[in-house]
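Here are my notes for you, written as numbered points. Keep the model open while you read and click along.

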Protein chains: 2
Amino acid sequence: MPEKSTAENVFQNLRSKGLRVTPQREKILQIFMELEEGTHLSAEDLFKVLSGKNENISLATTYRTLKLLSQFGYLRELDFAEGHKHYELNQDKKPHHHIICLNCNKTIEFEDDVIIQIGEKIALERGLELVDIQFKIYAVCPNEHDDESRTHRA
Amino acid sequence: MPEKSTAENVFQNLRSKGLRVTPQREKILQIFMELEEGTHLSAEDLFKVLSGKNENISLATTYRTLKLLSQFGYLRELDFAEGHKHYELNQDKKPHHHIICLNCNKTIEFEDDVIIQIGEKIALERGLELVDIQFKIYAVCPNEHDDESRTHRA
DNA sequence: TTTCGTGCAAACCATTTGCAGCAGC
DNA sequence: GCTGCTGCAAATGGTTTGCACGAAA
(Lines give C-alpha, C1' and ligand atoms only; values in the text may rest on other atoms or scores of the structure.)
Protein backbone atom coordinates (compact mmCIF):
# COMPACT_ATOMS: atom_id res chain seq x y z
CA MET A 1 0.00 0.00 0.00
CA PRO A 2 1.61 3.24 -1.15
CA GLU A 3 1.43 6.23 1.19
CA LYS A 4 1.00 9.16 -1.10
CA SER A 5 1.96 7.87 -4.48
CA THR A 6 2.80 10.36 -7.12
CA ALA A 7 2.80 9.13 -10.68
CA GLU A 8 6.58 9.08 -10.48
CA ASN A 9 6.52 6.79 -7.45
CA VAL A 10 4.20 4.42 -9.22
CA PHE A 11 6.40 4.25 -12.25
CA GLN A 12 9.56 3.83 -10.22
CA ASN A 13 7.94 0.90 -8.55
CA LEU A 14 6.86 -0.67 -11.81
CA ARG A 15 10.33 -0.29 -13.24
CA SER A 16 11.90 -1.79 -10.15
CA LYS A 17 9.77 -4.86 -10.77
CA GLY A 18 10.97 -5.17 -14.34
CA LEU A 19 7.72 -3.81 -15.70
CA ARG A 20 7.61 -1.03 -18.23
CA VAL A 21 6.26 2.44 -18.22
CA THR A 22 4.34 2.95 -21.41
CA PRO A 23 2.36 5.92 -22.67
CA GLN A 24 -0.81 3.86 -22.20
CA ARG A 25 -0.08 3.21 -18.54
CA GLU A 26 0.90 6.82 -17.95
CA LYS A 27 -2.25 8.10 -19.55
CA ILE A 28 -4.54 5.78 -17.64
CA LEU A 29 -2.97 6.55 -14.29
CA GLN A 30 -3.17 10.24 -15.07
CA ILE A 31 -6.88 9.99 -15.74
CA PHE A 32 -7.50 8.40 -12.36
CA MET A 33 -5.35 11.02 -10.66
CA GLU A 34 -7.32 13.83 -12.25
CA LEU A 35 -10.65 12.30 -11.29
CA GLU A 36 -12.75 14.15 -8.78
CA GLU A 37 -12.58 12.59 -5.32
CA GLY A 38 -15.00 9.72 -4.99
CA THR A 39 -15.44 9.12 -8.70
CA HIS A 40 -15.05 5.64 -10.07
CA LEU A 41 -14.93 4.30 -13.58
CA SER A 42 -15.69 0.96 -15.16
CA ALA A 43 -13.37 -0.41 -17.82
CA GLU A 44 -15.81 0.71 -20.44
CA ASP A 45 -16.09 4.18 -18.88
CA LEU A 46 -12.35 4.54 -18.90
CA PHE A 47 -12.18 3.39 -22.49
CA LYS A 48 -14.71 6.04 -23.46
CA VAL A 49 -12.80 8.75 -21.61
CA LEU A 50 -9.66 7.70 -23.43
CA SER A 51 -11.41 7.68 -26.77
CA GLY A 52 -12.83 11.12 -26.02
CA LYS A 53 -9.29 12.39 -25.57
CA ASN A 54 -8.28 10.77 -28.81
CA GLU A 55 -6.07 8.32 -27.05
CA ASN A 56 -6.10 5.20 -29.13
CA ILE A 57 -5.75 2.70 -26.37
CA SER A 58 -7.39 -0.64 -26.97
CA LEU A 59 -10.00 -2.05 -24.69
CA ALA A 60 -7.73 -5.02 -24.01
CA THR A 61 -4.98 -2.74 -22.77
CA THR A 62 -7.50 -0.84 -20.71
CA TYR A 63 -8.46 -4.05 -18.93
CA ARG A 64 -4.87 -5.16 -18.57
CA THR A 65 -3.82 -1.87 -17.08
CA LEU A 66 -6.71 -1.74 -14.64
CA LYS A 67 -5.81 -5.18 -13.41
CA LEU A 68 -2.16 -4.33 -13.13
CA LEU A 69 -2.72 -1.13 -11.19
CA SER A 70 -5.15 -2.89 -8.89
CA GLN A 71 -2.72 -5.69 -8.19
CA PHE A 72 -0.15 -3.13 -7.18
CA GLY A 73 -2.65 -1.42 -4.92
CA TYR A 74 -2.84 1.83 -6.84
CA LEU A 75 -6.44 1.31 -7.78
CA ARG A 76 -9.27 -0.07 -5.71
CA GLU A 77 -11.64 -2.52 -7.30
CA LEU A 78 -15.28 -2.04 -6.44
CA ASP A 79 -18.17 -4.30 -7.24
CA PHE A 80 -21.63 -2.99 -6.97
CA ALA A 81 -24.44 -5.29 -8.03
CA GLU A 82 -24.19 -4.42 -11.66
CA GLY A 83 -22.27 -7.07 -13.48
CA HIS A 84 -19.12 -5.09 -14.02
CA LYS A 85 -16.42 -3.69 -11.81
CA HIS A 86 -15.55 -0.12 -11.06
CA TYR A 87 -12.18 1.30 -10.21
CA GLU A 88 -11.07 4.30 -8.23
CA LEU A 89 -7.74 5.70 -7.14
CA ASN A 90 -6.59 4.11 -3.91
CA GLN A 91 -5.28 7.29 -2.40
CA ASP A 92 -4.82 6.66 1.25
CA LYS A 93 -5.39 3.99 3.83
CA LYS A 94 -8.82 5.29 4.68
CA PRO A 95 -11.21 3.96 2.07
CA HIS A 96 -14.64 5.45 1.84
CA HIS A 97 -17.85 3.48 1.57
CA HIS A 98 -20.80 3.38 -0.75
CA ILE A 99 -24.53 3.62 -0.71
CA ILE A 100 -26.00 2.14 -3.85
CA CYS A 101 -29.53 3.05 -4.81
CA LEU A 102 -31.25 0.10 -6.42
CA ASN A 103 -33.83 2.40 -7.92
CA CYS A 104 -31.90 5.16 -9.67
CA ASN A 105 -28.60 3.33 -9.71
CA LYS A 106 -26.60 6.16 -8.20
CA THR A 107 -23.85 5.69 -5.66
CA ILE A 108 -23.12 7.97 -2.76
CA GLU A 109 -19.77 7.96 -0.97
CA PHE A 110 -19.33 8.46 2.73
CA GLU A 111 -16.64 7.98 5.32
CA ASP A 112 -16.87 6.34 8.67
CA ASP A 113 -13.88 5.71 10.85
CA VAL A 114 -15.65 3.31 13.14
CA ILE A 115 -16.24 0.91 10.27
CA ILE A 116 -12.58 0.99 9.33
CA GLN A 117 -11.58 0.42 12.92
CA ILE A 118 -13.84 -2.57 13.23
CA GLY A 119 -12.42 -4.05 10.06
CA GLU A 120 -8.88 -3.51 11.23
CA LYS A 121 -9.60 -5.00 14.60
CA ILE A 122 -11.18 -8.11 13.10
CA ALA A 123 -8.28 -8.69 10.74
CA LEU A 124 -5.81 -8.20 13.56
CA GLU A 125 -7.61 -10.60 15.89
CA ARG A 126 -7.55 -13.29 13.26
CA GLY A 127 -3.96 -12.71 12.20
CA LEU A 128 -4.90 -11.70 8.68
CA GLU A 129 -3.10 -9.19 6.55
CA LEU A 130 -5.69 -6.58 5.65
CA VAL A 131 -6.01 -5.70 1.99
CA ASP A 132 -9.25 -3.78 1.69
CA ILE A 133 -12.45 -3.06 3.53
CA GLN A 134 -15.68 -2.58 1.65
CA PHE A 135 -18.89 -1.47 3.23
CA LYS A 136 -21.94 -1.15 1.04
CA ILE A 137 -25.46 -0.13 1.80
CA TYR A 138 -28.03 -1.14 -0.76
CA ALA A 139 -31.09 1.03 -0.49
CA VAL A 140 -33.92 2.61 -2.39
CA CYS A 141 -34.05 6.36 -2.54
CA PRO A 142 -37.30 8.35 -2.44
CA ASN A 143 -36.96 9.35 -6.11
CA GLU A 144 -39.63 7.75 -8.16
CA HIS A 145 -37.86 7.82 -11.46
CA ASP A 146 -35.82 5.07 -12.99
CA ASP A 147 -32.96 6.24 -15.08
CA GLU A 148 -31.66 4.62 -18.20
CA SER A 149 -28.37 3.39 -16.89
CA ARG A 150 -28.67 -0.36 -17.33
CA THR A 151 -30.22 -3.01 -15.20
CA HIS A 152 -30.18 -2.57 -11.54
CA ARG A 153 -31.73 -4.86 -9.00
CA ALA A 154 -29.41 -7.53 -10.42
CA MET B 1 -38.70 -8.68 4.11
CA PRO B 2 -40.14 -11.85 5.64
CA GLU B 3 -39.66 -12.43 9.36
CA LYS B 4 -39.25 -16.13 9.65
CA SER B 5 -40.31 -17.47 6.33
CA THR B 6 -41.20 -21.06 6.12
CA ALA B 7 -41.35 -22.56 2.67
CA GLU B 8 -45.12 -22.34 2.93
CA ASN B 9 -44.98 -18.61 3.64
CA VAL B 10 -42.79 -18.07 0.65
CA PHE B 11 -45.12 -19.97 -1.63
CA GLN B 12 -48.19 -18.25 -0.29
CA ASN B 13 -46.58 -14.98 -1.09
CA LEU B 14 -45.65 -16.04 -4.61
CA ARG B 15 -49.17 -17.25 -5.25
CA SER B 16 -50.64 -14.04 -3.92
CA LYS B 17 -48.60 -12.19 -6.54
CA GLY B 18 -49.95 -14.32 -9.34
CA LEU B 19 -46.73 -16.32 -9.56
CA ARG B 20 -46.65 -20.08 -9.53
CA VAL B 21 -45.24 -22.66 -7.25
CA THR B 22 -43.44 -25.21 -9.36
CA PRO B 23 -41.45 -28.27 -8.36
CA GLN B 24 -38.30 -26.47 -9.52
CA ARG B 25 -38.90 -23.54 -7.23
CA GLU B 26 -39.79 -25.78 -4.32
CA LYS B 27 -36.67 -27.84 -4.75
CA ILE B 28 -34.34 -24.87 -5.01
CA LEU B 29 -35.77 -23.15 -1.97
CA GLN B 30 -35.54 -26.40 -0.06
CA ILE B 31 -31.86 -26.72 -0.86
CA PHE B 32 -31.15 -23.26 0.52
CA MET B 33 -33.16 -24.02 3.63
CA GLU B 34 -31.21 -27.19 4.28
CA LEU B 35 -27.89 -25.45 3.82
CA GLU B 36 -25.65 -25.12 6.82
CA GLU B 37 -25.74 -21.62 8.31
CA GLY B 38 -23.35 -19.32 6.52
CA THR B 39 -23.06 -21.41 3.37
CA HIS B 40 -23.57 -19.77 0.03
CA LEU B 41 -23.85 -21.15 -3.47
CA SER B 42 -23.20 -19.77 -6.92
CA ALA B 43 -25.67 -20.55 -9.70
CA GLU B 44 -23.29 -23.17 -10.96
CA ASP B 45 -22.89 -24.67 -7.49
CA LEU B 46 -26.62 -24.90 -7.10
CA PHE B 47 -26.96 -26.47 -10.52
CA LYS B 48 -24.42 -29.12 -9.53
CA VAL B 49 -26.19 -29.83 -6.26
CA LEU B 50 -29.43 -30.26 -8.18
CA SER B 51 -27.80 -32.53 -10.73
CA GLY B 52 -26.28 -34.56 -7.91
CA LYS B 53 -29.77 -35.14 -6.58
CA ASN B 54 -30.94 -36.15 -10.03
CA GLU B 55 -33.14 -33.12 -10.30
CA ASN B 56 -33.25 -32.21 -13.93
CA ILE B 57 -33.57 -28.49 -13.57
CA SER B 58 -32.02 -26.47 -16.34
CA LEU B 59 -29.33 -23.92 -15.72
CA ALA B 60 -31.63 -21.24 -17.12
CA THR B 61 -34.28 -22.04 -14.56
CA THR B 62 -31.64 -22.10 -11.86
CA TYR B 63 -30.68 -18.54 -12.75
CA ARG B 64 -34.27 -17.42 -13.09
CA THR B 65 -35.20 -18.83 -9.72
CA LEU B 66 -32.21 -17.32 -7.97
CA LYS B 67 -33.13 -13.95 -9.34
CA LEU B 68 -36.77 -14.33 -8.41
CA LEU B 69 -36.06 -15.39 -4.84
CA SER B 70 -33.56 -12.56 -4.46
CA GLN B 71 -36.04 -10.01 -5.72
CA PHE B 72 -38.51 -11.18 -3.15
CA GLY B 73 -35.90 -10.94 -0.44
CA TYR B 74 -35.72 -14.63 0.33
CA LEU B 75 -32.16 -14.91 -0.87
CA ARG B 76 -29.30 -12.53 -0.40
CA GLU B 77 -27.03 -11.84 -3.32
CA LEU B 78 -23.36 -11.64 -2.51
CA ASP B 79 -20.53 -10.55 -4.72
CA PHE B 80 -17.07 -11.40 -3.76
CA ALA B 81 -14.34 -10.47 -6.21
CA GLU B 82 -14.68 -13.58 -8.29
CA GLY B 83 -16.69 -12.81 -11.37
CA HIS B 84 -19.84 -14.59 -10.32
CA LYS B 85 -22.44 -14.10 -7.65
CA HIS B 86 -23.21 -16.20 -4.64
CA TYR B 87 -26.53 -16.63 -2.90
CA GLU B 88 -27.50 -17.47 0.63
CA LEU B 89 -30.75 -17.74 2.51
CA ASN B 90 -31.81 -14.36 3.85
CA GLN B 91 -33.03 -15.67 7.17
CA ASP B 92 -33.39 -12.71 9.42
CA LYS B 93 -32.85 -9.01 9.44
CA LYS B 94 -29.37 -9.35 10.82
CA PRO B 95 -27.08 -10.19 7.93
CA HIS B 96 -23.64 -11.49 8.69
CA HIS B 97 -20.48 -10.26 7.04
CA HIS B 98 -17.60 -11.80 5.19
CA ILE B 99 -13.88 -12.00 5.26
CA ILE B 100 -12.51 -13.07 1.91
CA CYS B 101 -8.99 -14.43 1.73
CA LEU B 102 -7.35 -13.39 -1.52
CA ASN B 103 -4.81 -16.13 -1.11
CA CYS B 104 -6.75 -19.31 -0.45
CA ASN B 105 -10.08 -17.97 -1.64
CA LYS B 106 -12.01 -18.99 1.45
CA THR B 107 -14.68 -16.87 3.06
CA ILE B 108 -15.31 -16.56 6.77
CA GLU B 109 -18.58 -15.28 8.15
CA PHE B 110 -18.91 -13.14 11.23
CA GLU B 111 -21.52 -10.98 12.88
CA ASP B 112 -21.21 -7.50 14.22
CA ASP B 113 -24.14 -5.50 15.47
CA VAL B 114 -22.32 -2.21 15.43
CA ILE B 115 -21.86 -2.44 11.69
CA ILE B 116 -25.53 -3.09 11.17
CA GLN B 117 -26.44 -0.20 13.43
CA ILE B 118 -24.19 2.16 11.53
CA GLY B 119 -25.73 1.08 8.26
CA GLU B 120 -29.24 1.54 9.60
CA LYS B 121 -28.43 4.93 11.00
CA ILE B 122 -26.94 6.15 7.75
CA ALA B 123 -29.91 4.98 5.72
CA LEU B 124 -32.29 6.59 8.20
CA GLU B 125 -30.46 9.91 8.19
CA ARG B 126 -30.64 10.08 4.44
CA GLY B 127 -34.23 9.00 4.16
CA LEU B 128 -33.39 5.82 2.27
CA GLU B 129 -35.22 2.54 2.48
CA LEU B 130 -32.63 0.01 3.52
CA VAL B 131 -32.41 -3.15 1.44
CA ASP B 132 -29.14 -4.79 2.44
CA ILE B 133 -25.88 -4.09 4.18
CA GLN B 134 -22.71 -5.76 3.02
CA PHE B 135 -19.44 -5.52 4.84
CA LYS B 136 -16.45 -7.29 3.36
CA ILE B 137 -12.91 -7.56 4.51
CA TYR B 138 -10.42 -8.60 1.86
CA ALA B 139 -7.34 -10.05 3.46
CA VAL B 140 -4.55 -12.54 3.06
CA CYS B 141 -4.38 -15.39 5.51
CA PRO B 142 -1.12 -16.80 6.82
CA ASN B 143 -1.55 -20.04 4.85
CA GLU B 144 1.07 -20.29 2.22
CA HIS B 145 -0.81 -22.56 -0.10
CA ASP B 146 -2.94 -21.58 -3.02
CA ASP B 147 -5.86 -23.84 -3.65
CA GLU B 148 -7.29 -24.80 -6.97
CA SER B 149 -10.56 -22.98 -6.74
CA ARG B 150 -10.40 -20.50 -9.58
CA THR B 151 -8.83 -17.13 -9.90
CA HIS B 152 -8.63 -14.96 -6.88
CA ARG B 153 -6.94 -11.58 -6.67
CA ALA B 154 -9.38 -10.51 -9.37
C1' DT C 1 18.61 -6.72 -28.30
C1' DT C 2 15.95 -8.77 -25.17
C1' DT C 3 11.67 -8.90 -23.01
C1' DC C 4 7.58 -6.93 -22.16
C1' DG C 5 3.41 -4.51 -23.84
C1' DT C 6 0.05 -3.53 -27.37
C1' DG C 7 -3.69 -4.14 -30.72
C1' DC C 8 -6.56 -7.13 -32.94
C1' DA C 9 -9.68 -10.73 -33.18
C1' DA C 10 -11.17 -14.74 -31.35
C1' DA C 11 -12.24 -17.16 -27.12
C1' DC C 12 -14.38 -17.48 -22.59
C1' DC C 13 -17.60 -17.55 -18.96
C1' DA C 14 -21.45 -16.06 -16.38
C1' DT C 15 -25.88 -14.76 -17.26
C1' DT C 16 -30.00 -13.64 -20.12
C1' DT C 17 -33.45 -14.34 -23.61
C1' DG C 18 -36.73 -15.99 -27.57
C1' DC C 19 -39.55 -19.44 -28.44
C1' DA C 20 -42.52 -23.54 -28.38
C1' DG C 21 -44.43 -26.78 -25.50
C1' DC C 22 -46.03 -27.79 -20.73
C1' DA C 23 -48.25 -27.08 -16.37
C1' DG C 24 -50.15 -24.44 -12.18
C1' DC C 25 -54.30 -22.47 -10.67
C1' DG D 1 -58.09 -22.44 -20.55
C1' DC D 2 -55.36 -18.68 -19.63
C1' DT D 3 -50.81 -17.35 -18.39
C1' DG D 4 -46.87 -18.09 -16.37
C1' DC D 5 -42.86 -21.42 -16.31
C1' DT D 6 -39.54 -24.52 -18.30
C1' DG D 7 -35.94 -26.35 -21.32
C1' DC D 8 -33.28 -25.67 -25.06
C1' DA D 9 -30.19 -23.26 -27.77
C1' DA D 10 -28.68 -19.08 -29.25
C1' DA D 11 -27.46 -14.41 -27.90
C1' DT D 12 -25.28 -11.11 -24.88
C1' DG D 13 -21.96 -8.55 -22.22
C1' DG D 14 -17.96 -8.14 -19.60
C1' DT D 15 -13.43 -9.73 -19.54
C1' DT D 16 -9.43 -12.58 -21.03
C1' DT D 17 -6.11 -14.51 -24.26
C1' DG D 18 -3.02 -16.04 -28.42
C1' DC D 19 -0.33 -14.14 -31.55
C1' DA D 20 2.67 -11.15 -34.30
C1' DC D 21 4.46 -6.70 -34.29
C1' DG D 22 6.35 -2.62 -31.93
C1' DA D 23 8.80 -0.42 -28.24
C1' DA D 24 10.88 0.29 -23.28
C1' DA D 25 15.16 -0.54 -20.90
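The points below go from the ground rules to the two copies, the DNA and a few local spots.

1. Ground rules. This is a predicted model, where local features need pLDDT of at least 70, side-chain atom pairs count only at pLDDT 80 or more, and totals for chains, interfaces and linings use all residues. Residues are numbered from 1 along each chain as its sequence is written, chains are lettered from A and ligands numbered from 1 in the order in which they are written, and side-chain values use heavy atoms, with hydrogens and water left out.

2. The two copies. Two copies of a chain are related by a rotation about an axis and a shift along it. Here, chain B lands on chain A after a rotation of 180° with 0.0 Å of shift along the axis, at an RMSD of 0.1 Å. That is what a two-fold axis does. In chain B, Phe135(B) has the C-alpha nearest the axis, at 2.2 Å. The superposition is by least squares on the C-alpha atoms of residues with pLDDT of at least 70 in both copies. The copies meet through the same surface, because 97% of the interface residues of chain B are also interface residues in chain A.

3. Around DNA strand D. How many residues surround DNA strand D? There are 24, and the closest are Tyr63(A), Arg20(B), Arg25(B), Thr61(B) and Arg64(B). Sugar and phosphate make up 65% of the strand's atoms that come within 4 Å of the protein. A residue is "near" the strand if one of its heavy atoms lies within 4 Å of it. By class, that surface has nine charged, eight polar and seven nonpolar residues.

4. Close pairs at the DNA. Thr61(B) has a side-chain N or O atom 2.4 Å from a phosphate oxygen of DNA strand D. For Val21(A), a polar backbone atom is 3.4 Å from a phosphate oxygen of the strand. Arg20(A) goes to a base instead: a polar side-chain atom lies 3.3 Å from a base nitrogen. The elements giving two or more residues to this surface are helix H4 (59-71) of chain A, plus helix H2 (23-34) and helix H4 (59-71) of chain B. H4(A) gives the most, with four residues. Helices (H or I, at least four residues) and strands (E, at least two) are DSSP runs, numbered from the N terminus.

5. Strand E2 of chain B. Is this strand buried or exposed? Five of the five residues of E2(B) (residues 75-79) are buried, so the strand is largely enclosed by the rest of the structure. Buried means under 20% relative accessible area, exposed over 50%, and partly exposed in between (1.4 Å probe, protein chains only). Leu75(B), Glu77(B) and Asp79(B) are on one side, with Arg76(B) and Leu78(B) on the other. E2(B) runs antiparallel to strand E3 (residues 85-89) of chain B, joined by five bridges. Glu77(B) has Tyr87(B) as its bridge partner.

6. Two asparagines to check. Most residues other than glycine have a negative phi, and most peptide bonds are trans. Asn54(A) has a positive phi of about 60° although it is not a glycine, and Asn54(B) has one of about 55°. Asn54(A) sits in the loop between helix H3 (43-52) and H4 of chain A, where it is exposed at 65% relative accessible area. Asn54(B) is exposed too, at 66%.

How values were computed:
Polar contact = N/O pair within 3.5 Å; in protein donor to acceptor, adjacent residues only side chain to side chain. Nonpolar A, V, L, I, M, F, W, Y, C, P; charged D, E, K, R; others polar. Contact = heavy atoms within 4.5 Å. Pairing = 2+ DSSP bridges.
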